[in-house]
Structure formats: C-alpha cells, structure tokens
Amino acid sequence: CLRDAACRPRYVVAHRTSCGGAPENSRAGVTCAVESGIPLIETDVRSSADGALFMLHDPKLDRTTSGSGLIAERTAAQLAAVKLANGESLPRFEDLYLRSRGRAVLVLDMKVDAVEQVAAVLAARGSFDDVVFFVSDAATAATVRRLKAERPGMLVMADRPEWALQGAAELVQEDMPSYEQVEAMREKGVKVMASLEMVDNLPGFRRLVAEVLLKRRVDCILTD
C-alpha cells in the first residue's frame, strides 16, 4: 500500500523502535512493536570502523549503551561487547530485520550512506517491501537515485519535498505540514509522514497535535 498513491490508510510509526519501555533501537522494541501490530518501525543505521551495520541513533555510544566514543571508530568485534540498558548487545541490521521481515516495515534512517549494503541484504534474503530508506543528505540521496534505477522496488522517504517531487521518493517527512502541503504532495502521488518527536510530551498535548495532523490528512505519524 505504501507504493500505491491511491491507497491511503493511516499508519502509526514507532520512533526508534519505541514500544513497551524497551530501549531505543533494540531487538526487544522491534519484537514488541511487531507483536502489538504496529505496521511501521523507525530505526537508525550506522557503520562500524570496519563497515558492519549497527542500529544506533547517536554518533556516540555513550547515551544509550554501555560503551563510549564514536561508533565509527570501533570495530564490529569491539562493538560485540557493548550492551543496551536491557542487557542485549548492540543490534546489527540483520538482528532487527529478521524480527520484522514480512510482519512490519522498517523505516531506516540512514545516518550513513549504507544504502547499497542494506539493498544487498534485501536482494539476497529479504524483500524491498520490508524496508523504507529514509534519506536526509545529498550523498545518500544520490546513491538512492542510482540504485532505484537498478532496483525500482526500493521504497524511499526524503526529508526534502523537492526530492520526492523529482520522483526519487514515495514518501516525504514533514514535522508539522499544513493541509495545503499535504494536499500538494498527494496530488503528486507522494505520501506524507509527520513527526511528534519535537512536540512537548505534556499530558494530552501530543494527542491533540496528532488529531490536528490527522485532520490535515497525513499518511503516517511518527511517535514514541
């Protein structure tokens, strides 16, 4: 349905695998989200010093893991000893994908240009229906454009409307889009994801903002 411009259900997107109090970007979070019936699960892709793909939002390990320093300066062997708050090891891409494959769509925030690596995994033992590549920098967007010519089944979300309007993406992320912005994207066959990430988590306030966004006819809402 994400590929079909005429298909317009509303989707909840679990931010950084948020579910049931599990640590962000964790196996437990993905398992909880899948079992709860959440259709889209957002997570973040980073690379180790030797090119292995791990799931971590920050460039540094310090905030969410037992490790410290830049993940890009640690090898996969070194990262094997790093733990999340629930005791599980820092997950690789395949760890989360195996839990969501065929059951929910992973929205991959590509913090590094690892699109080719992920695409190779999907081509070999998965499906491009299972993943949305979220790109927010020009270099990664260029990689996506090139690969989409070879693999037209790729699903892409951009943070810049002009990329979507150029045919490079099926979805666009806008934090608080207006009704007019959503309709302009709809007319071009592009779906819109709005984010509640920056909305104050006051009692009832996020729900109120979500209701406003639904009235503006956004397709997906990213929330914790």
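This short talk walks through a few local features of the structure shown above, which is a predicted model.

Let me begin with the loop that runs between strand S1, residues 11–14, and helix H1, residues 27–35, because two of the residues I want to discuss, Asn-25 and Pro-23, are both found there, and the burial of each follows from a cut-off of under 20% relative accessible area. Pro-23 has a relative accessibility of 17% and therefore counts as buried, while Asn-25, at 2%, counts as buried as well. Asn-25 also has a backbone feature that deserves a look, since its phi is near 50 degrees, a positive value in a residue other than glycine.

What does Pro-23 touch, if we leave aside residues up to four places away in sequence? The contacts are with Thr-17, Leu-84, Ala-85 and Asn-86. With Asn-86 the separation along the chain is 63 residues, and yet the two C-alpha atoms are 6.9 Å apart in space.

Let me turn now to a pair of helices, H4, which covers residues 115–125, and H5, which covers residues 138–150; their axes lie 10 Å apart, and the two helices pack at an angle of about 35 degrees. On the H4 side the contact is made by Val-115, Glu-116 and Ala-119, and these meet Thr-140, Thr-143, Val-144, Arg-146 and Leu-147 on the H5 side. If we sort the residues of this contact by character, four are nonpolar, two are polar and two are charged.

The next stop is helix H8, residues 205–215, where Leu-208 is found. Is Leu-208 buried or partly exposed? Its relative accessibility is 46%, and so Leu-208 counts as partly exposed, given that the partly exposed class lies between the limits of 20% and 50%. Leu-208 also belongs to a nonpolar patch on the surface, which it forms with Met-176, Leu-202, Phe-205 and Val-212, and the accessible area of these residues together is about 410 Å².

Finally, following the chain out of H8, we come to the loop that leads to strand S9, residues 220–223, and in that loop lies Arg-217. Arg-217 has a positive phi of about 70 degrees, although this residue is not a glycine. Its relative accessible area is 31%, so Arg-217 counts as partly exposed, whereas Asn-25, the other residue I described with a positive phi, is buried at 2%.

Methods
Residues are numbered from 1 along each chain as its sequence is written. This is a predicted model: local features need pLDDT of at least 70, side-chain atom pairs count only at pLDDT 80 or more; totals for chains, interfaces and linings use all residues. Side-chain values use heavy atoms; hydrogens and water are left out. Patches are made of residues with over 30% relative accessible area and no salt bridge: like charges are joined within 9 Å, nonpolar side chains (Val, Leu, Ile, Met, Phe, Trp, Tyr) within 5 Å. Accessible areas come from the Shrake-Rupley method with a 1.4 Å probe; for residues, only the protein chains shown count as cover. A salt bridge is a side-chain nitrogen of Lys or Arg within 4 Å of a carboxyl oxygen of Asp or Glu. Helices (H or I, at least four residues) and strands (E, at least two) are DSSP runs, numbered from the N terminus. Buried means under 20% relative accessible area, exposed over 50%, partly exposed in between (1.4 Å probe, protein chains only). Axes are lines fitted to C-alpha atoms, for helices over the stretch in contact, and angles run from 0 to 180 degrees between N-to-C directions. Contact means heavy atoms within 4.5 Å. Ala, Val, Leu, Ile, Met, Phe, Trp, Tyr, Cys and Pro count as nonpolar, Asp, Glu, Lys and Arg as charged, and the others, Gly among them, as polar.
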